[in-house]
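Got your viewer open? Load the model, switch to cartoon plus sticks, and follow along stop by stop.

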Amino acid sequence: MSNEIRINAFLTFAPTHLSPGLWAHPNDRSLEYNTLSLWTELARTAERGGYDALFFADGISQYDVYGGSNASGVRLGLQFPRLDPLLLISAMAQATQHLGFAVTSSVTYETPYLFARRMSTLDHLSQGRIGWNIVTSFGDSGARAIGQEKARPHDERYDLADEYLDVVYRLWEQSWEEGAALRDAREVVFADPAKVHEIRHEGRFFSMQGVHYSEPSPQRTPLLYQAGSSNRGKDFAALHAECVFLSAPSPGIVKRDIADIRRRAEILGRDPRSILFFSLATVVVAPTSAMAQEKWLDLQRHVSLEGALALFSRWTGVDLSTYDPDAPLRYARTEGMQSTIEGFTVADPDRVWTIRELALHNAIGGKGPVFVGSPTEVADALQRWKDEAGVDGFNLSHALMPGTHEDFVDLVVPELRRRGVYKQAYGSGTLREKLFGTGKALLPEPHPAARHRAASRNPVEPETHA
């Protein structure tokens, strides 16, 4: 693990992400979420501060578990309404030169063929700065919206995801051989037909036949992010992920999950150090400690505890409106985000959370820690958490949009740079090259995507999955 602290901004294309109620704060601009200028300004700020990427959460399921309806979610704007972040990326890429963009897309909602083309398009237009946060989607309302009866069971969703990735890997890595795009104006040959291959797939979940409708982009396969911390999710991360996003209230839980995923990756033949880990955190910083505490108290006066409980209810599938606020939260197995309820129950048996404490903790920035203080105090806290948890960096949530990130860039980044634990300048190349410093834009062996490179096998052979 390098001593360099890596930073992504953790966002969603909606009025609220993880700080419910704060869109109504007088210093917040989240109500401008549907204007392009807010996002291009944020991208420039993030690049000025040396952020690695803007990391967009996304989904189409409503927050309808709390109270048995979507009323709280609609009234409070809890990640609702939510627009499509893929359509933001080309504009933000045009406004920047180095910043990466990680976009969430669900294997449940997007067909592999069309999604593969969208990501290749963005990778071309950004010159290789695109990442994909792979999710499987657990919300019944999202499933019903696309014509399914309900969400698939937890582990079956990951079975589908494994097959989905096999399809998109073949499209990105196998359909076009290296050198297939000749672009020969003298001979008037754009591409060599002998090196452009049809992909055929027959499987349990997907059936397709076609040529990838994009020439190879700078990275071919986008940088791969994943955020599942359940047992099945860890298997998936160990096989596929290059970057893993973790969110938990204590560094001990994060450290345990990192060790477990690295162990599983090594069993699969991957270098366990080839996976980077980012932990959720929120920063409230001001020039002095007293000013930061004053800002923190002001934020707390604007949060919605109902909103925090509604968010947590949807993540876990447990309706917290039926609980006594002073009752302890108990583990219950659901088809929701298993790692979320585990993180506040069985993962840390020495800490018992009441529903009221849970709401207060999650009301600003979600499930991770909130670091409040002067630039020196925040830098100390980031370094301490990094050392204790073993993370490579942080996905920074915001309390105020875009003020949280402006404060971090203006106050914390200079302190981290002074300490020699933050990049002074961006490296060259694609997002993958910037993060890993390998000088190679493509996924290396033994990653499963790499084995699909066109030259390595007969590209017209159909693949069949039981």
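A contact here means heavy atoms within 4.5 Å. Before you click anything, note that this is a predicted model, where local features need pLDDT of at least 70, side-chain atom pairs count only at pLDDT 80 or more, and totals for chains, interfaces and linings use all residues. Residues are numbered from 1 along each chain as its sequence is written, and side-chain values use heavy atoms, with hydrogens and water left out.

**Stop 1: Tyr51 and the core**

Select Tyr51 and show what it touches. Leaving aside neighbours within four places in sequence, Tyr51 is in contact with Ile7, Asn8, Ala9, Ala46, Leu99, Leu396, His405, Phe408, Val409, Tyr422, Lys423 and Tyr426.

Now widen the selection to the nonpolar core, meaning a set of buried Ala, Val, Leu, Ile, Met, Phe, Trp, Tyr and Cys residues joined through side-chain atoms within 4.5 Å. Buried means under 20% relative accessible area, exposed means over 50%, and partly exposed is in between, using a 1.4 Å probe and protein chains only. The largest such core has 83 residues, and Trp39, Tyr51, Leu54, Trp132, Phe394 and Phe408 touch the most other members. Colour helix 6 (residues 154–174) next: it gives the most to this core, with 10 residues. There is also a second, separate core of 30 residues, which includes Tyr63, Leu223, Phe245 and Phe312.

A word on element numbers: helices (H or I, at least four residues) and strands (E, at least two) are DSSP runs, numbered from the N terminus.

**Stop 2: strand 13 and its partners**

Select residues 393–397, which is strand 13; 5 of its 5 residues are buried. Which strands does it pair with? Two strands pair if DSSP finds at least two bridges between them. Strand 1 pairs with strand 13 in the parallel sense over 4 bridges, and Ala9 stands opposite Leu396. Strand 11 (residues 276–285) also pairs with strand 13 in the parallel sense, over 5 bridges. For a landmark there, pick Ser279, whose bridge partner in strand 13 is Phe394.

**Stop 3: strand 3**

Move on to residues 100–106. All 7 of the 7 residues in this strand, strand 3, are buried. In a regular strand the side chains alternate between the two faces of the sheet. Show sticks to see the two sets: Gly100, Ala102, Thr104 and Ser106 point one way, Phe101, Val103 and Ser105 point the other way, and all are buried.

Strand 2 runs parallel to strand 3, joined by 4 bridges, with Ala53 opposite Gly100. Strand 4 (residues 130–135) pairs with strand 3 in the parallel sense too, over 6 bridges. Thr104 stands opposite Asn133 in that pairing.

**Stop 4: a cavity**

Time for a surface calculation. On a 1 Å grid over the protein atoms alone, a cavity is a set of points where a 1.4 Å probe fits but cannot get out, and lining residues have an atom within 4 Å of a point. Grid points are joined across faces, edges and corners, and a volume is the space filled by probe spheres set on the points. How many cavities of 30 Å³ or more does this rule give? The count comes to 4.

Head for the second largest, at about 110 Å³. Its lining has 18 residues, of which Pro15, Thr16, His17, Ser30 and His398 lie nearest the centre. Strand 1 (6–12) and helix 1 (36–48) are the elements that give two or more residues to this lining.

**Stop 5: Ile60**

Select Ile60, in the loop between strand 2 (53–57) and helix 2 (71–76). Is Ile60 buried or partly exposed? It counts as partly exposed because its relative accessibility is 44%. Not counting residues up to four places away in sequence, Ile60 touches Arg82, Tyr109, Gly142 and Ile146. Try a distance label too: the C-alpha atoms of Ile60 and Gly139, 79 residues apart along the chain, are separated by 8.2 Å.

**Stop 6: backbone oddities**

Finish with the torsions. A cis peptide bond joins Phe80 and Pro81, with omega about -10°, and Pro81 is in the loop between helix 2 and helix 3 (86–94). Gln79 is found in that loop as well. Gln79 is not a glycine, yet has a positive phi of about 55°; it is buried, with a relative accessible area of 8%.

Arg183, in strand 5 (residues 181–184), has a positive phi near 50°. At 57% relative accessibility, Arg183 counts as exposed. Last click: the peptide bond from Glu445 to Pro446 is cis, with omega near 5°.

Terms used
1 Å grid on protein atoms, 1.4 Å probe; cavity = no way out; pocket = protein on both sides within 12 Å on 5 of 7 lines; lining within 4 Å.
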